[in-house]
Amino acid sequence: MIYLLRHGETVWNTLHRFQGRLDSPLTERGIEQADTVADLLLSEISTSRQAFGIDVSPLGRARQTAERIRRVIPQIAREEPRLAEVSAGTWDGMTKFEIDNEFPGMLDDADAFDWYFRSPDGESFDAACARARAWLADTHLPTIAISHGLFGRLIRGVYSGLARREMLELPVPQDGFYHLRSGEFILVSASTADVLS
């Protein structure tokens with residue numbers, strides 16, 4: 001049983017910067033989102049007799065979110081490097097506008113979902129999926145995982161056997177989480193609990 005969370009909104013999220021392996025802190029809204037998700041998660045697991053581990057990306061925004069979760073669910077959290085965001089190499093921390101100006105032509109014909117993997121020195125789609133697959137294969141106990149937008153898409157996609165395009169188009173909410181079970185992922189949020197695959 002896996003509950004997959006994305007960190008709360010960050011300063012760079014509001015500026016449309018792709019953070020990758022760089023970092024920016026949670027905004028006030030991001031802290032509120034993390035607190036809301038913590039309450040939702042507690043409600044979801046409160047009837048479970050199982051103990052949950054917490055795997056956290058080592059990046060600051062995920063660790064800051066984990067601190068908010070652990071205020072409500074006081075479990076030991078361990079850093080899990082495989083949950084880190086996909087790196088776009090030298091493009092980490094940049095906006096699409098900045099990339100297009102500094103690397104002319106590299107984003108030609110790119111769309112909102114595939115541009116991350118056009119970086120000349122970033123992590124490849126296949127390498128990132130292999131990392132997601134390895135983490136899933138090693139996760140045998142009930143786990144709360146705190147990760148990132150793009151990498152969270154890949155975890156869900158690999159888990160459910162989606163095609164590349166389907167993975168990259170998945171939503172990445174910051175005010176809910178996904179329950180992964182039986183090859184499906186279900187969004188749990190204050191407003192919905194729809195089966196997404």
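Helices here are DSSP runs of H or I with at least four residues, strands are DSSP runs of E with at least two, and both are numbered from the N terminus. We're looking at a predicted model, where local features need pLDDT of at least 70, side-chain atom pairs count only at pLDDT 80 or more, and totals for chains, interfaces and linings use all residues. Residues are numbered from 1 along each chain as its sequence is written, and side-chain values use heavy atoms, with hydrogens and water left out.

Q: What makes Asp109 count as exposed, and where does this residue sit?
A: Asp109 belongs to the loop between α4 and α5. Its relative accessibility is 76%. Exposed means over 50% relative accessible area, buried means under 20%, and partly exposed is in between (1.4 Å probe, protein chains only). Since 76% is over 50%, Asp109 gets the exposed label.

Q: What is there to notice about the phi of Asp109?
A: Phi is near 65 degrees, a positive value, and Asp109 isn't a glycine. For background, most residues other than glycine have a negative phi. His16 also has a positive phi, of about 60 degrees, without being a glycine. You'll find His16 in the loop between α1 (11–14) and α2, and with 66% relative accessible area it is exposed.

Q: Why is Glu102 called exposed?
A: Glu102 has a relative accessible area of 55%, and that is over the 50% cut-off, so the label fits. This residue is part of helix α4 (residues 96–102). Its C-alpha is 9.7 Å from that of Trp91, which is 11 residues away along the chain.

Q: How do you know which label Thr143 gets, buried or exposed?
A: Check its number: 6% relative accessibility is under 20%, so Thr143 is buried. Thr143 is in strand β4 (residues 143–147). Leaving out residues up to four places away in sequence, Thr143 touches Met1, Ile2, Tyr3, Phe52, Gly53, Asp55 and Trp135. Touching, or contact, means heavy atoms within 4.5 Å.

Q: Why is Gly53 called partly exposed?
A: Its relative accessibility is 29%, which is neither under 20% nor over 50%, so Gly53 lands in between. Gly53 is in strand β2 (residues 53–56) and, beyond four places away in sequence, touches Pro142, Thr143 and Ile144. C-alpha to C-alpha, Gly53 is 10.0 Å from Thr139, although 86 residues separate them in sequence. Thr139 sits in the loop between α5 and β4, and its 15% relative accessible area makes it buried. Gly53 and Val86, on the other hand, are 33 residues apart in sequence and 23 Å apart in space, again C-alpha to C-alpha.

Q: Why are α2 and α3 called oblique?
A: The axes of α2 (residues 28–45) and α3 (residues 60–72) come within 8 Å and cross at roughly 40 degrees. Axes are lines fitted to C-alpha atoms, for helices over the stretch in contact, with angles from 0 to 180 degrees between N-to-C directions. Under 35 degrees is roughly parallel, over 145 roughly antiparallel, 65 to 115 roughly perpendicular, and the rest oblique. Roughly 40 degrees fits none of the named ranges, so α2 and α3 are oblique.

Q: What makes α5 roughly perpendicular to α6?
A: Their axes come within 9 Å and cross at roughly 65 degrees. That value belongs to the 65 to 115 range, so roughly perpendicular is the right name. The crossing of α5 and α6 is right-handed, meaning the near helix is turned clockwise from the far one by less than a right angle (anticlockwise would be left-handed). Among the residues in contact are Phe125, Trp135 and Leu136 of α5, along with Leu154 and Ile155 of α6.

Q: What makes a group of residues a nonpolar core, and which residues have the most contacts inside the largest one?
A: A nonpolar core is a set of buried Ala, Val, Leu, Ile, Met, Phe, Trp, Tyr and Cys residues joined through side-chain atoms within 4.5 Å. The largest has 33 residues, and Phe117, Leu154, Ile155 and Leu180 have the most contacts inside it. Helix α5 gives the largest share, six residues. Ile155 touches residues including Leu4, Leu83, Ala132 and Leu180. Apart from this core lies another, of 18 residues, including Leu41, Val56, Ile69 and Val188.
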